Amino acid sequence: MLWLELDGAVNVRDVGGIPTDDGDKTTPGRLLRADNLQDLSPADIALLTDQLRLSTVVDLRSPSEVSAEGPAPLTRLGHITHVNHSLLPDHAYDGGAEALLVRRKREEERYPGDPSCAHYLGYVEHRPDSIVGALRAVNDSPGAALVHCAAGKDRTGVVVAFALTIAGARREDIVRDYAATGQRLPRILARLRGSPTYAGDVDSVPEDRHRPRAETMEAFLEQVDRRHGGVLDVLARNGFTDDEAETLYRKLRS
């Protein structure tokens, strides 16, 4: 894993260097993934903008999360493009812990064997437009693009898995990248507990339920294949053209 050690975020890495099916690797410096960016230090900003040439931030949080958390340091920089493509309905964090548990129970019926997989399938079924929008923003970024949500695990994990699939990454390595977030889980949860926006969500389930499991991403990608014909078919049905897929492939591979 190409981890980036920042002062104000704890789950940040470059998805370059991931093996591909043809024996090559994805290119570093093109796509970054991260948790919430609210606490970035001046040194963090210098690393991202000066050294890594970050030019686009793709925020996968809901509008209510964005509003509750307020402006982040990077949003104050006019040369950084910010786009918001929520994978959740805007009411996702309304109603408190009890309402959240009710929603989760309903979602789990989609794929009873794995609640997280069920949740991810919901992104594909209900917000494919946001997945397409996020990938287009990566394509349009003249420099590095950074995709993030709150923890950098679930929503970010799905969008990055789609991007890596288009790039031809080996599935086992897409799964490995997803599961790597578990190495930072205690630090991620500590950050989320410090935010009124996320503290109730974190503590509404046992801590181990937040841990990313390789089996979850394996099941999710398998279900995307079985139910939807695969990643490319999902995207094509929602307006992501062959040319756009080729552009993303080249961006992440050359």
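Here are a few friendly notes on the packing in this predicted model.

1. Some ground rules. Residues are numbered from 1 along each chain as its sequence is written, and side-chain values use heavy atoms, with hydrogens and water left out. In this predicted model local features need pLDDT of at least 70 and side-chain atom pairs count only at pLDDT 80 or more, while totals for chains, interfaces and linings use all residues.

2. The largest nonpolar core (buried Ala, Val, Leu, Ile, Met, Phe, Trp, Tyr and Cys residues joined through side-chain atoms within 4.5 Å; buried is under 20% relative accessible area with a 1.4 Å probe, protein chains only) has 46 residues. Ile-131, Leu-135, Phe-162, Phe-220, Leu-235, Phe-240 and Leu-248 touch the most other members. Elements giving two or more residues to this core include H5 (128-140), strand E6 (144-148) and H12 (242-253); helices are DSSP runs of H or I, at least four residues, and strands are E runs of at least two. H6 gives the most, with eight residues.

3. Leu-235 is worth a look: leaving aside residues up to four places away in sequence, Leu-235 touches Ile-131, Val-132, Leu-135, Phe-162, Ile-166 and Phe-240 (contact is heavy atoms within 4.5 Å).

4. Apart from the largest core lies another, of 16 residues, with Val-12, Ala-34, Leu-40 and Ile-45 among them.

5. Now to a helix pair. The axes of H4 and H10 (lines fitted to C-alpha atoms over the stretch in contact, with angles from 0 to 180 degrees between N-to-C directions) come within 9 Å and cross at roughly 40°. The contact involves residues including Tyr-120 and Leu-121 of H4 and Phe-220 and Val-224 of H10.

Technical notes. Buried < 20%, exposed > 50% of the residue type's maximum accessible area, 1.4 Å probe, protein only.
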